[in-house]
Amino acid sequence: MTVLTDLASWNARRWMIAAAVATAAFIALASGFAPALGGSGTTPWWTLAVTAVGSGLIGLIVSSYIGTPIGADATLCDTRWPGLGLIALYLTTEVRSLDPVITGAARPILAAAAVGLLVWALSERLASEHRATARLGSSESGDGDVCTTCTPLFPRARTTTPNDYAQPSRQDTQP
C-alpha cells in the first residue's frame with residue numbers, strides 16, 4: 001500500500017514525465033510487432049498487454065528518478081534492475097525478427113518475469129525514496145542506508161556561500 005501512497009504524493013510534473021516516457025516506450029516496444037497492428041502478421045495475444053503494462057512501469061520508474069526530494073536521489077545502482085527488465089521485456093515481446101532470441105513457451109513466462117522485475121524495481125525505488133523522506137521529516141539524526149559504490153544519477157550542484165570564498169584570517173593561518 002505504501003507504493004500507491006507514494007505515487008499519490010507525486011506532483012503533476014512527475015506524472016507528465018511518466019506518461020511521456022510510457023508512451024515513448026510503448027511505441028518503441030510495439031514497433032516489434034507492428035505487422036500485427038497493421039494486420040499482415042500474427043502475434044501472440046499477450047504481447048500487447050505485456051507491452052502496455054511494461055511501458056507504464058518503465059514510465060513510472062524513469063519518473064521516479066526525476067524531481068526527487070532531497071536525500072532521495074537516484075543512483076546508478078537504481079538503474080540495474082529496471083535496465084534488465086527493459087531488455088527482457090523487449091526480447092520477449094519482439095515478434096518481427098525472423099530468428100527471435102527467445103522462442104516457444106519461454107516467451108510468456110519470461111515476459112511475466114520481466115514485468116515482475118519492473119514492479120519490484122519500482123517498489124524498491126519508491127521505498128528508498130520513502131525511507132529518505134521519512135528520515136528527513138523525523139527528529140532522529142540517524143544515518144540511513146548509504147551505497148558507497150554508487151554515484152548519483154543527477155548530481156545536485158553544491159551550494160556555496162560568501163564565507164566559502166572569504167580569505168582566512170591571521171588567526172586561522174597561525175599554529
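## The Arg-14 to Glu-129 salt bridge

In this predicted model, Arg-14 pairs with Glu-129 in a salt bridge whose closest N and O atoms are 3.0 Å apart. The contact links distant parts of the chain, since Arg-14 belongs to helix H2 (residues 12–30) while Glu-129 belongs to helix H6 (residues 106–137), and the two positions are 115 residues apart.

## A second bridge within helix H6

Glu-129 also forms a salt bridge with Arg-125, and here the closest N and O atoms are 3.8 Å apart. Both of these residues, Glu-129 and Arg-125, sit in helix H6, where a spacing of 4 residues places them about one turn of the helix apart. Through shared partners, the salt bridges join Arg-14, Arg-125 and Glu-129 into one network. The structure holds 2 salt bridges in total.

## Burial of the charged residues

Which side of the burial cut-off, buried or exposed, does Arg-14 fall on? With a relative accessibility of 5%, Arg-14 counts as buried, because the term applies to residues under 20% relative accessible area. Glu-129, which accepts both arginine partners in the network, has a relative accessible area of 8% and is therefore buried as well. Arg-125, the partner of Glu-129 within helix H6, has a relative accessibility of 4%, so that Arg-125 likewise counts as buried.

Terms used: Residues are numbered from 1 along each chain as its sequence is written. This is a predicted model: local features need pLDDT of at least 70, side-chain atom pairs count only at pLDDT 80 or more; totals for chains, interfaces and linings use all residues. Side-chain values use heavy atoms; hydrogens and water are left out. A salt bridge is a side-chain nitrogen of Lys or Arg within 4 Å of a carboxyl oxygen of Asp or Glu. Buried means under 20% relative accessible area, exposed over 50%, partly exposed in between (1.4 Å probe, protein chains only).
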